[in-house]
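Subject: The structure I promised you

Hi,

Here is the structure I said I would pass on. Have a look at it first, and then read on for what turned up.

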Amino acid sequence: MPRREILTFSKGLVAKQARVDVPEGTWEEEFGREGLVGHETMLYRTHPPTEWLRIEGPLRPRAADCYQVRADDEADPRQDASRLLFNQDVAVSISRRQKPMPYYARNADADEVYFVHRGEGVFETEFGPLNYKLGDYIVLPRGTTYRVCPSSRDQFLMLIETRAEVGFPDPTMVLGNHMPIDRGLIEVPEPQAFDPGVKGEYEVRIKSEGEYTSVFYPFCPLDVVGWQGTLTAFKFNVEDLRQVHSHRIHVPVPAYCTLVAEGVAICTFTPIPFQLEDPKAQRVPGYHRNVDYDELVFTHAGILMSRSRESGIGTGKLTWSPQGIDHGPHRKAFEQSMQMERMEATIVMVETSRRLRADRSFEEAELKDYAYSFTK
Ligand SMILES: [Fe+2]
């Protein structure tokens with residue numbers, strides 16, 4: 001098929017380069033494809049495109065206070081994590097499990113990525129145990145048999161299920177093999193051949209096409225004494241990520257990609273210095289209407305810098321910017337960021353190429369006026 005010709009045009013008042021020295025009295029919007037790495041045009045507007053009077057229709061930036069989510073597995077250990085948002089490729093849920101799973105779980109529908117926002121404990125897996133703590137990502141390939149055993153009371157795990165196999169982005173990108181994480185820091189379990197010595201039966205609860213089947217054994221199903229191969233459970237911590245940073249320009253989202261699966265990208269932002277060596281460099285991410293990805297942003301720690309301090313979009317909040325409608329910084333954030341030396345938040349972001357749908361748990365914890373927090 002013939003390739004599409006790419007033409008670049010420039011009209012009117014523009015910055016010489018994107019994100020730096022934006023003309024006085026203008027607001028820069030990135031109108032682009034493929035999540036800021038595809039074709040794009042920078043638009044220089046006389047108003048922030050998020051300062052709407054009102055929105056009529058279903059499309060709007062949304063947010064939830066995840067601490068208000070009633071996690072089904074908190075009171076009843078046989079229940080699952082509560083699903084907030086989903087599409088064909090991915091589901092995002094919250095687990096606040098207090099007691100060990102009274103069964104062994106196996107998800108035949110999806111790979112699972114757990115992010116530990118709060119709590120400690122152990123994932124007992126067929127490959128061996130993986131202890132977890134604050135800031136850990138635990139990755140379980142589809143079909144892994146495992147059991148979650150919390151050891152502290154305050155548990156808050158975000159579960160991201162991906163229908164396609166999840167893994168690290170291509171390490172042959174310009175960054176080489178040691179960024180954003182050195183492969184030497186990835187921890188895989190030692191086989192343990194668990195034997196709790198329970199008399200009676202052991203249940204493996206398999207999820208397939210959203211339905212459950214229980215298989216009962218007279219022995220512990222985590223009885224693996226050795227393993228060898230390319231597929232395993234593993235973990236790493238946000239502290240192990242060495243983020244890309246520029247002292248002269250705001251680095252856009254794709255540089256922060258941590259894990260990818262078909263239709264899904266999981267990115268992590270950790271505290272970094274601002275662009276201190278160029279006073280004209282914009283420090284907050286620009287406006288855009290993300291036409292190819294829904295964007296979920298969960299604040300693990302700190303305050304989201306692109307919102308004003310007064311917005312209260314801090315720890316435990318999840319924002320959802322659907323495809324097609326603008327989002328971006330509150331106008332106060334531009335000034336506030338110029339008075340700060342560092343971006344102090346730790347953020348987990350999930351980008352999805354298919355549109356997400358909200359589940360009951362998201363709607364119950366929703367911050368109702370969030371779409372208008374851009375304008376106040
Ligand atoms: Fe965005």
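Let's start with F234, which sits in strand 15 (residues 234-237). This is a predicted model, by the way, so please read everything below in that light. F234 has a relative accessible area of 12%, and because buried means under 20%, F234 counts as buried. What does F234 touch, leaving out residues up to four places away in sequence? The list is L130, Y137, I138, V139, F168, I186, E187 and V188. If you want a distance to try in your viewer, go from F234 to P191: they are 43 residues apart in sequence, and their C-alpha atoms are 12 Å apart in space.

Y137 comes up again in the nonpolar cores. The largest nonpolar core has 34 residues, and Y137 and L318 are the ones with the most contacts inside it. That core takes at least three residues from each of domain 1 (27-64 + 245-372) and domain 2 (71-238). Another core, of 24 residues, lies apart from it and includes W52, I313, I325 and I347.

I325 is worth a stop of its own. You'll find I325 in the loop between strand 21 and helix 2. Is I325 buried or exposed? I325 counts as buried, because its relative accessibility is 13%. Setting aside residues up to four places away in sequence, I325 touches W52, I55, L59, R60, P61, H288, R289 and N290. From I325 to T8 there are 317 residues in sequence and 24 Å in space, C-alpha to C-alpha.

One of those contacts of I325, H288, leads on to the metal. Which residues are the protein donors of the iron ion? They are H288 (NE2), E295 (OE) and H327 (NE2), at 2.1 to 2.2 Å from the iron ion. Along the sequence, their spacing reads H-x6-E-x31-H. E295 and H327 link distant parts of the chain: E295 is in strand 20 (residues 294-301), while H327 is 32 residues away in the loop between strand 21 (317-321) and helix 2 (331-338). Both E295 and H327 are buried.

As for helix 2, its buried residues are A333, F334, Q336 and S337. These pack against strand 1 (27-32) and strand 19 (287-288).

Now for the two domains. The domain assignment splits the chain into domain 1 (27-64 + 245-372) and domain 2 (71-238), and their C-alpha centres are 28 Å apart. Domain 1 puts 33 residues into the contact and domain 2 puts in 32 residues. Between them the domains bury about 2700 Å², with 70% of it on carbon and sulfur atoms. On the domain 1 side, L259, H300 and R354 lose the most area to domain 2, together 21% of what that side buries. How many salt bridges are there between domain 1 and domain 2? The count is two. Elsewhere on your list to look at, put the salt bridge between the side chains of D359 and R83 (2.6 Å, N to O).

The whole model has a count of 24 salt bridges, and a few are good for comparing surroundings:

- E124 and R147 meet at 3.1 Å, N to O. E124 lies in strand 8 (residues 121-125) and R147 in strand 11 (residues 145-150), so this pair ties together parts 23 residues apart in sequence. E124 counts as buried at 13% relative accessibility, and R147 counts as buried at 18%.
- E209 and R163 meet at 2.7 Å, N to O. E209 is in the loop between strand 13 (202-208) and strand 14 (211-217), and R163 is in the loop between strand 12 (156-162) and strand 13, so the pair ties together parts 46 residues apart in sequence. E209 is exposed, with a relative accessible area of 59%, whereas R163 is partly exposed at 36%.
- E29, R45, R289 and D326 are joined into one network by salt bridges that share partners.
- R54 and E56 meet at 3.0 Å, N to O. R54 counts as exposed at 57% relative accessibility, and E56 is exposed with a relative accessible area of 68%.

Happy to talk it through once you've had a look.

Cheers

Note on methods. Residues are numbered from 1 along each chain as its sequence is written. This is a predicted model: local features need pLDDT of at least 70, side-chain atom pairs count only at pLDDT 80 or more; totals for chains, interfaces and linings use all residues. Side-chain values use heavy atoms; hydrogens and water are left out. Donors are N, O and S atoms within 2.8 Å of the metal (3.2 Å for Na, K and Ca); water is not among the atoms, so sites may look incomplete. Helices (H or I, at least four residues) and strands (E, at least two) are DSSP runs, numbered from the N terminus. Buried means under 20% relative accessible area, exposed over 50%, partly exposed in between (1.4 Å probe, protein chains only). A nonpolar core is a set of buried Ala, Val, Leu, Ile, Met, Phe, Trp, Tyr and Cys residues joined through side-chain atoms within 4.5 Å. Domain bounds come from an automatic or database domain assignment. Contact means heavy atoms within 4.5 Å. Buried area is the accessible area (1.4 Å probe) that two parts lose on being put together, summed over both. A salt bridge is a side-chain nitrogen of Lys or Arg within 4 Å of a carboxyl oxygen of Asp or Glu.
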